[in-house]
Amino acid sequence: MTSEVFFPSNKSTQAQTPVVSVCGLWKSFPGVTALRDVNLDVYAGEIHAILGENGAGKSTLVKTLYGVYVPDKGDITINGVKAVITSPLDAMRRGLVLVSQVPQLIDTLTVAENLALSLRQFSLMSSVKSVEKFLLDKEEEYGIRINPNTEVWKLSYTQKQLVEVLRALLLNATLVAFDEATTLLPSSEKRKLYDFIRLFRLKGGAVLLITHKIPEAMEISDRVTVLRKGEVVGSFKVGEVSIDQIRLMMFGERFTQPSSTGNSERCVEGREAIVIKDLWVRGDYGTYAVKGVSLTVHRGEILGIAGVAGNGQLELVQSLAGLRRVEKGNVILHVKDGNVEVTNKGPAVIRDLGVGYIPDEPIKTGISIDNTIEENLAIHPKLSSFLINWRAVKDLASSLISKYNVTTPSTTARVKILSGGNLMKILIARELMVAKNVLLAYNPTRSLDEVSAHYVRRLIRDKALNEGMSAVVVSEDLDEVMEVGDKIAVINSGRLVGFFRRGVDRGEIERVMVT
Amino acid sequence: MVVVKRVSAYTICDLLRLLSGGKLAVRSSRACFDLYYVGIPILSIGIGLLISAIIFYTVGVPLDLFINEIGAGFQSYQTLRYSVLLLMLSVGLVMSFKASVWNVGAEGQMIWGMLAGGFVGLFIASCAIYVSPSELSSYISVPGVEVLDASPVKPVISVLRMNPLLGQLLMILAAMLAGGLWALIPAFLKAYVGIDEVASTLILNYVAYQVYNHLVAYVMRGLSVQARQFLRTDRLNSALLFESLPGTTVTLQEVILSLLFFVSMLTLYKYTSIGLRLRVAGSNPQLLRSVGIDERKYVLMAMLLSGMLAGAAGVSILANPGIGKLEKIANVVTPPTFNLGYTAILVSWLSMLDLRLVPVYAYVVASLFQGGGLLQSEVNARFPGLSLTGAALTYIPIGSILLVYVVLRVLVDYSVRFRR
Amino acid sequence: MLDQVQGFVLSITPIFTCLYLASLGNSIVEKSGILNLAIDGAYTLGTAMAFIAVASVRNPTLALIITSFLIGLLGILIAFLTTKLPISHGAVGLSTQFVGYGLASFLAYPVSIKVRNEGVPLNTYLPVTEVVLSYLIISLLIGVITHVLMYRSRLGVAIRAVGENPAVASSLGTNVLGVRVIAAFMGYILIGVASSLYILLYTKNWQEGAGMGYGWISFAISISAGRHPLVGMVTSLIFASLIRYAYVLQDILISYGINVSNYAVIAMPFIAAIIIPLTASVIPQMRRRFTPPKHLGKIFFSEERSV
């Protein structure tokens with residue numbers, strides 16, 4: 001501390017004492033060890049990227065730093081002083097700020113009210129009006145234009161992230177961690193955020209950039225640390241190692257070239273399977289999230305829907321699954337026995353037609369973690385009758401466990417002890433089995449490792465090819481949409497803004513996603 | 001203090017440090033079976049009773065008297081009756097609690113069971129009529145007829161109108177129907193309007209008590225002099241009363257009913273899709289919706305099942321030869337249900353919502369319940385100055401055992417760790 | 001005309017204050033995300049304490065202060081248990097309710113015998129216009145202050161934030177436990193004031209079971225008003241009139257040949273407590289505005305996994 005006071009501009013002194021230093025950190029959750037003996041030093045004036053595939057422990061690490069999780073073992077040192085961070089509030093007081101992928105803002109409150117929660121200079125009794133005035137001045141200074149009196153749910157995703165950045169700036173943080181905060185932003189918006197990050201570095205702040213995208217880490221950061229299965233497998237300056245070496249570190253021996261799966265265009269039967277006409281669906285706050293979407297999916301065809309998160313794709317899939325009211329328009333499913341109008345018929349009717357559904361929040365709506373694997377299968381009306389034959393369910397569970405290579409102690413284990421990937425496999429296994437005619441999926445391979453993700457995408461493609469299943473696969477990961485879809489539609493602000501065939505150039509899709 | 005999640009076991013040392021003000025960290029884990037299913041309930045009962053004993057001790061109830069009377073509850077012949085009633089009520093509540101439907105309205109549902117069963121018993125399966133004093137003697141020998149009021153001015157007799165077994169069966173069915181229907185009101189409010197069922201079931205208990213009073217005072221009021229005087233119904237025709245098992249106050253019919261309910265609920269729960277769906281409705285109702293099952297129907301189902309069983313328990317109280325009639329409720333703290341509807345919540349929670357454990361804890365809690373009653377009469381006889389009421393003696397132990405249980409469960413479900 | 005209004009105000013104020021303030025307390029507690037199922041236990045315990053206090057200190061205002069403070073402490077305990085431990089709000093509330101019922105009988109019954117046998121004077125509030133009006137004004141003022149606090153101040157923002165989403169509020173830098181403890185303390189103090197007034201201004205005596213169920217009525221009032229401090233004034237007035245004028249209503253109905261028993265009169269506010277929230281939530285506009293806090297009654301456990 002004192003050295004900074006005496007030599008405020010001495011770069012070498014700053015470089016010697018890390019802003020944040022993590023030593024021998026361990027953290028486990030029931031069923032998984034998320035962090036194993038992690039060591040990390042972050043210095044002032046440095047952008048430090050943490051790379052790792054999904055489930056490598058990146059988020060756990062940064063949430064531990066931010067006081068959300070308490071570590072099992074290990075020390076955190078801030079500016080050379082050992083620190084026990086007990087809560088996010090505590091972390092903020094020590095100069096650490098976290099910007100997450102999902103904006104950590106309360107939707108029903110206004111921007112000013114949200115930021116008022118962070119700004120300690122205002123007392124508990126001070127009025128919201130005074131916070132609004134303060135914010136207007138500050139926004140002017142940083143060149144961010146968001147009305148502080150707007151409720152957060154009315155903001156776009158990019159605007160919400162800007163509010164988060166504004167928060168970090170206002171708090172005079174010494175270290176800001178971006179937890180996949182830029183991953184979902186379109187390229188142009190991403191650049192804007194990078195500018196803020198560079199500005200922050202210039203002022204002597206330290207930045208932790210958590211991401212699973214190698215190019216992103218290479219583009220902006222000074223230093224990269226790679227995590228795999230909760231362990232640090234390498235830490236180096238950008239430019240010291242090649243991208244292939246990083247890939248090897250991230251994925252280990254399992255690493256295979258993702259482009260090896262067939263890129264060929266398939267010829268699809270002419271019969272229509274899903275016909276959507278001028279669909280209008282409201283979002284959670286009463287405004288239209290889907291604005292007149294029309295599309296057709298043929299038998300055996302897979303439609304991939306790409307788009308920046310929060311552009312109506314979630315509401316679209318939910319309304320197709322019968323879980324959200326359709327205000328206007330129709331959905332017609334053509335199954336073997338004929339055409340069925342399923343608009344607002346409810347999930348029971350839709351699922352009865354042989355529709356599988358992989359929802360957006362698996363733990364909330366797709367699987368019950370307090371129940372066993374067997375119960376999570378038997379709960380589907382297509383997989384058990386009034387009297388449940390538990391022996392048959394057990395056989396089914398065993399066969400799926402071996403088919404999908406699920407790691408579990410038994411078929412009667414509660415799902416909550418499984419890791420995120422294994423849990424997801426149970427859900428996918430069940431839904432692919434019941435998807436006789438149609439599969440609806442939202443981010444179907446989230447939290448799966450690369451190999452399993454490719455396997456699942458191939459299963460979906462095989463089922464479409466061999467059994468004539470049609471699918472609507474929405475993913476926030478453009479690579480996934482390009483790998484799985486026969487056709488690709490891009491959704492932007494609730495409207496379909498582009499249709500592409502398989503094998504289209506990535507840049508072309510990105511362009512319509514943003515504008 | 002910090003809340004976290006992790007796997008290792010929690011120790012007595014940790015508890016001591018918690019008590020001495022150390023920093024507490026809570027983490028999620030599942031302790032071993034024995035500790036979980038036996039340790040927590042027994043420990044809660046122990047600590048809860050200790051707290052109650054201390055509370056009562058402060059006003060001068062000697063500790064040894066407390067211990068003796070509670071201990072006597074475990075051997076009392078009355079205990080068996082309470083165990084059977086609590087078993088019947090609690091298996092129903094467990095079914096509903098498993099679905100995360102917190103039915104706290106068993107009291108009201110029992111009341112409706114009493115009313116419907118009583119109505120069938122008093123006005124359909126039998127009836128009470130005035131006869132002229134001169135004819136009274138000629139009726140005495142007629143089978144199925146008994147004298148309710150032998151007053152020389154207006155004698156009243158009760159006439160059996162059907163086979164008593166059929167009559168009892170009708171009484172039970174009517175009670176179950178009424179209890180179930182009453183339970184469906186808060187169920188609808190929860191499922192379709194989103195009104196919290198804990199509040200609405202409790203509020204409906206108060207409504208049920210007043211409906212009961214109204215019906216007993218006006219509609220079902222008896223003909224006999226005592227009935228007119230004390231606002232109560234006539235006694236049930238003794239042929240319709242349930243049959244006491246020799247040497248006890250428990251009746252054959254309620255034993256059969258509770259065993260029947262126990263076995264059928266166990267089967268329903270383990271081997272049918274209804275049981276599975278109730279379970280999943282409790283852990284993740286959105287999953288039900290997503291796979292195309294209307295989760296709201298299972299809220300209704302959970303309430304219906306527990307309400308029907310509570311109705312049966314209500315009529316079992318009424319048809320006990322020791323009771324046999326409905327009397328106006330003087331004060332809502334002493335309803336004719338003996339507050340068993342609330343006590344059954346205790347049994348369900350102590351059983352960790354595991355049906356197989358319900359009989360055990362039904363017996364344990366019945367013993368405490370009976371012990372509390374013994375304590376009250378003993379205290380009132382020996383220390384008349386203390387003025388301990390029944391409400392104090394039932395609610396304080398129930399409340400403190402439950403509170404200790406709730407906290408202990410968290411301490412074991414999430415093992416506790418401490419940090420500087 | 002003026003006399004009639006004054007008469008109405010005077011006759012309705014005692015029951016109005018002891019419903020409105022409790023419902024206001026409930027609104028604050030529930031806005032912070034704590035499902036307030038201990039309210040009836042706290043209310044019943046509060047009436048018992050106020051009775052004991054006024055019988056011993058002989059000063060109604062002092063009795064009211066003591067009672068409210070103690071009930072406020074109970075609120076802190078509940079906030080602590082439900083926030084610090086991943087514990088079911090329903091379970092804590094219900095157990096506390098039973099303890100409250102039991103303690104109320106246990107503590108106040110001996111005192112009530114003593115009061116009756118020894119003729120201890122109960123210095124409750126006199127039903128004079130100044131006292132009654134001042135309590136009306138005070139409670140309306142508290143309502144307005146609460147409204148400003150909840151919707152205009154940073155504390156109110158924090159209370160609503162932890163009720164909506166405690167995890168996010170926490171990562172924004174709110175001390176969830178601290179805010180809930182403040183909210184519960186304030187809320188339970190109001191419940192304490194209300195239950196004291198039940199004895200000191202409304203019934204002026206205690207018998208076993210006094211106040212039981214009135215906590216639930218206040219709960220229903222608060223829900224029917226969408227937990228809004230100002231709307232609560234209206235719903236409280238409806239319930240207060242219903243209770244105060246139930247017997248008048250009974251007379252009117254009887255004069256039209258509709259026989260209504262006393263039991264129906266007693267049950268009326270409870271029936272209203274079911275029906276009025278029902279109508280409030282059936283009307284679509286009200287339903288949207290009156291949605292409960294998103295995280296009401298949910299366990300707050302910061303280490304919950306997402307996948």
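## A sheet in chain A: strands 16 to 20 with strand 13

Val355(A) has Val438(A), in strand 17 of chain A, as its bridge partner. The model discussed here is predicted. Strand 16 and strand 17 (residues 438-442) of chain A run parallel and are joined by four bridges. Both belong to an open sheet of six strands in chain A, ordered 16-17-18-13-19-20, in which the pairing is mixed. The edges are formed by strand 16 (355-358) and strand 20 (495-501) of chain A, each of which pairs on one side only. Between neighbouring strands of this sheet the turn averages 15°, direction ignored.

Helix 11 (residues 313-320) of chain A packs on this sheet. The strands of chain A that helix 11 touches are strand 13 (302-306), strand 16, strand 17, strand 18 (470-474) and strand 19 (487-492). The direction of helix 11 makes about 150° with that of strand 17 of chain A.

## A sheet in chain A: strands 6 to 10 with strand 3

Chain A also holds an open sheet of six strands in the order 6-7-8-3-9-10, again with mixed pairing. Strand 6 (96-100) and strand 10 (231-237) of chain A are its edge strands, each pairing on one side only. From one strand to the next, the twist averages 15°. Within this sheet, strand 3 (residues 47-51) and strand 9 (residues 223-228) of chain A run parallel and are joined by four bridges. Leu51(A) has Val226(A), in strand 9 of chain A, as its bridge partner.

Two helices of chain A lie across strands of this sheet. Helix 7 (residues 157-170) of chain A crosses strand 6 and strand 7 (175-179), running at about 175° to strand 6 of chain A. Helix 10 (residues 243-251) of chain A lies across strand 3, strand 9 and strand 10, at about 35° to strand 9 of chain A.

## The interface of chain B and chain A

The contact involves 30 residues of chain B and 38 residues of chain A. About 2900 Å² is buried between these chains, 57% of it from carbon and sulfur atoms. On the side of chain B, Leu276(B), Ser290(B) and Val291(B) lose the most area to chain A, together 19% of what that side buries.

One salt bridge is found across this interface: the side chains of Arg279(B) and Glu375(A) meet at 2.2 Å, N to O. There are also twelve residue pairs in polar contact. Helix 10 (252-271), helix 11 (273-283), helix 12 (285-290) and strand 5 (416-419) of chain B each give two or more residues to the side that touches chain A. Helix 11 of chain B gives the most, with seven residues. By class, this side of chain B has eleven nonpolar, eight polar and eleven charged residues.

## The interface of chain C and chain B

Here 49 residues of chain C and 54 residues of chain B are in contact. The two chains bury about 4500 Å² between them, 78% of it on carbon and sulfur atoms. In chain C, the residues losing the most area to chain B are Phe98(C), Phe106(C) and Tyr263(C), together 18% of what that side buries.

Between chain C and chain B the count of salt bridges is zero, while six residue pairs are in polar contact. Helix 3 (60-84), helix 4 (89-118), helix 9 (214-224) and helix 12 (262-282) of chain C each give two or more residues to the side touching chain B. The largest share, 16 residues, comes from helix 4 of chain C. This side of chain C divides into 32 nonpolar, ten polar and seven charged residues.

Conventions. Residues numbered from 1 in each chain as written. Chains lettered and ligands numbered in written order. Predicted model: local features only at pLDDT ≥ 70, side-chain atom pairs only at ≥ 80, totals over all residues. Heavy atoms only, no water. Contact = heavy atoms within 4.5 Å. Buried area = accessible area lost by both parts, 1.4 Å probe. Salt bridge = Lys/Arg side-chain N within 4 Å of Asp/Glu carboxyl O. Polar contact = N/O pair within 3.5 Å; in protein donor to acceptor, adjacent residues only side chain to side chain. Nonpolar A, V, L, I, M, F, W, Y, C, P; charged D, E, K, R; others polar. Pairing = 2+ DSSP bridges. Axes fitted to C-alpha atoms, helices over the stretch in contact; angles between N-to-C directions.
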